[in-house]
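Student: I'm new to this one. Could you walk me through how to read a few of its features?

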Amino acid sequence: MQFRYTPEIRSRFPQLRSRTLFVDGIGANVDASIQIARLVTTADDRLAAASEGAFPEIQAWRGAFSTMGLKPTQYRCASEALLRRYRKEGSLPALHPLIDLCNATSLAFAIPVAVFDTSKITGTMTVRLAHGDETYETFAGQIEHPEPGEVIFADDTGRAHARRWTNRQSGWSAVRADTTQVLIVVEALHEFAENDVAALMTSLSKALAAIWRGSGVAEMEPL
């Protein structure tokens, strides 16, 4: 499968830096606690020095959300939402080893990390402006339709797999116990995004190889 941005998204956000991973051979019966603990320690160190709102990675996404006409304190990028919840509660719920690892990675780098079950995606995944007739399924199974002009992740059938860009993923393509193949998308907008995204991908690739031995991990260049 392919992952792409429309020219309009590239033009409106020229500072965007992103990378994707296609991972095959994922399973739920593994122990990712060692890798997760290291990442959480990094997040603890950063949060001890400043709250997440002061991080340049988060400030950049807040600026982008404002540009999209969204209130940054009402709609937060995924990494800010995770950091905020972690800072307040001191932990995140255990969901699935892969999701837990990606959430911990997002905490450590303050960069959104999206994970999609590829069996639920038809054709190319595209980050684009919504027409308004796309179908989005919540984790509770409710059906929504994105607002026209909203930035979404959509496949070739018009199914929206994320709303408000990095704000909320769909329950339709969420990772579950029987998931074996995933698409991981990492996106950043801050000044040093290129270097930080590269460092994140190196860290995540090593962790994936250590936890899911024998899995296939391939980096794909977004179009």
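Tutor: Sure. This is a predicted model, where local features need pLDDT of at least 70, side-chain atom pairs count only at pLDDT 80 or more, and totals for chains, interfaces and linings use all residues. Residues are numbered from 1 along each chain as its sequence is written, and side-chain values use heavy atoms, leaving out hydrogens and water.

Student: How many disulfides are there?

Tutor: A disulfide is a pair of cysteine sulfur atoms within 2.5 Å. Here the count is 0.

Student: Why does Cys77 have no bond to Cys102?

Tutor: Because the sulfur of Cys77 is 15 Å from the one in Cys102, its closest cysteine sulfur, which is too far for a bond.

Student: Is Cys77 buried or exposed?

Tutor: Buried means under 20% relative accessible area, exposed over 50%, and partly exposed in between, using a 1.4 Å probe and protein chains only. Cys77 is buried at 2%, and Cys102 counts as buried at 1%.

Student: What about nonpolar side chains?

Tutor: In soluble globular proteins, they tend to be buried together. A nonpolar core is a set of buried Ala, Val, Leu, Ile, Met, Phe, Trp, Tyr and Cys residues joined through side-chain atoms within 4.5 Å. The largest one here has 66 residues, and Phe153 and Trp165 are among those with the most contacts inside it. Apart from that core lies another of 5 residues, including Tyr136 and Ile152.

Student: Which residues does Asn167 touch?

Tutor: Contact means heavy atoms within 4.5 Å. Not counting residues up to four places away in sequence, Asn167 touches Phe65, Tyr75 and Arg76.
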